[in-house]
Amino acid sequence: MNDLLQNLLKLQALEFNETAEKDAPARIEELRKAIPLPILGHFDRLVTRGKKGVAVVRNQVCSGCHMRLPIGTINTLMQAQDIQLCDTCGRYLYLPDAGETEFMEKIEAAKPAAKPRKRKTVSHAAA
């Protein structure tokens, strides 16, 4: 099942222009042939709505809709027995391995912190 999710992730990256490959149309066609039609059909329905078809799971939360996932879904993802859909947004769920998670955490930590916003002072007229 992991190969299927990897193919979906690669297809998503190519279709959303997240990676630059010289022969992208041929690679997209090759990946589409490797994915079963029912799964590809569901993926295409999500993409036509402007959504990404695969969402990464971080801290038991779907990165597509930011909703917490049931522990049974997380357990199935950890065992890599079957592919899972998010009950809320319908995206295919992908649970990265420990090495990928550490890499993503380092990237998030390297981002500059957001500047605090200044509050506007409101002056109340004395009566």
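The buried residues of α3 pack against α1, α2, β1 (54-58) and β3, at least in this predicted model. The residues in question are I39, L40, H42, F43 and L46. Looking down the helix axis, these buried positions fit within an arc of 160 degrees, so they line one face of α3. Turn the helix around and the side facing away from the buried one carries L37, P38 and T48, which are exposed. As for its geometry, α3 runs for 12 residues and covers 16 Å from first C-alpha to last, close to the 16 Å expected at 1.5 Å a residue. Just past the end of α3, G50 adopts a positive phi of about 85 degrees.

I39 deserves a closer look. Setting aside neighbours within four places in sequence, its contacts are L4, L8, I83 and Y92. I39 also turns up among the residues with the most contacts inside the largest nonpolar core, along with L8, L11, I35, V54 and Y92. That core has 17 residues, and the elements giving two or more residues to it are α1 (2-15), α2 (24-34), α3 (37-48) and β3 (92-94). α1 chips in the largest share, with six residues. Apart from this core lies another one, made of nine residues, including A55, V57, I74 and C89. As a bit of background, nonpolar side chains in soluble globular proteins tend to be buried together.

C89 leads on to the cysteines. C89 is buried, at a relative accessible area of 12%, and its closest cysteine sulfur belongs to C86, 3.7 Å away, which is too far for a bond. C65 tells a similar story: the closest cysteine sulfur is again that of C86, here at 3.6 Å, so this pair is too far apart to be bonded as well. With the cut-off for a disulfide set at 2.5 Å, a search of the whole structure comes back with zero disulfides.

Now for how far to trust the coordinates. The protein averages a pLDDT of 82, and 79% of its residues score at least 70. Among the elements, strand β2 (residues 61-62) has the highest mean pLDDT, at 94, while helix α5 (residues 98-110) has the lowest, at 54. Where pLDDT is low, the predicted coordinates should not be read in detail.

Conventions: Residues are numbered from 1 along each chain as its sequence is written. This is a predicted model: local features need pLDDT of at least 70, side-chain atom pairs count only at pLDDT 80 or more; totals for chains, interfaces and linings use all residues. Side-chain values use heavy atoms; hydrogens and water are left out. Buried means under 20% relative accessible area, exposed over 50%, partly exposed in between (1.4 Å probe, protein chains only). A nonpolar core is a set of buried Ala, Val, Leu, Ile, Met, Phe, Trp, Tyr and Cys residues joined through side-chain atoms within 4.5 Å. Helices (H or I, at least four residues) and strands (E, at least two) are DSSP runs, numbered from the N terminus. Contact means heavy atoms within 4.5 Å. pLDDT is the predictor's confidence in each residue, from 0 to 100. The expected span of a helix is 1.5 Å times one less than its number of residues. The arc is that of the directions from the helix axis to the C-beta atoms.
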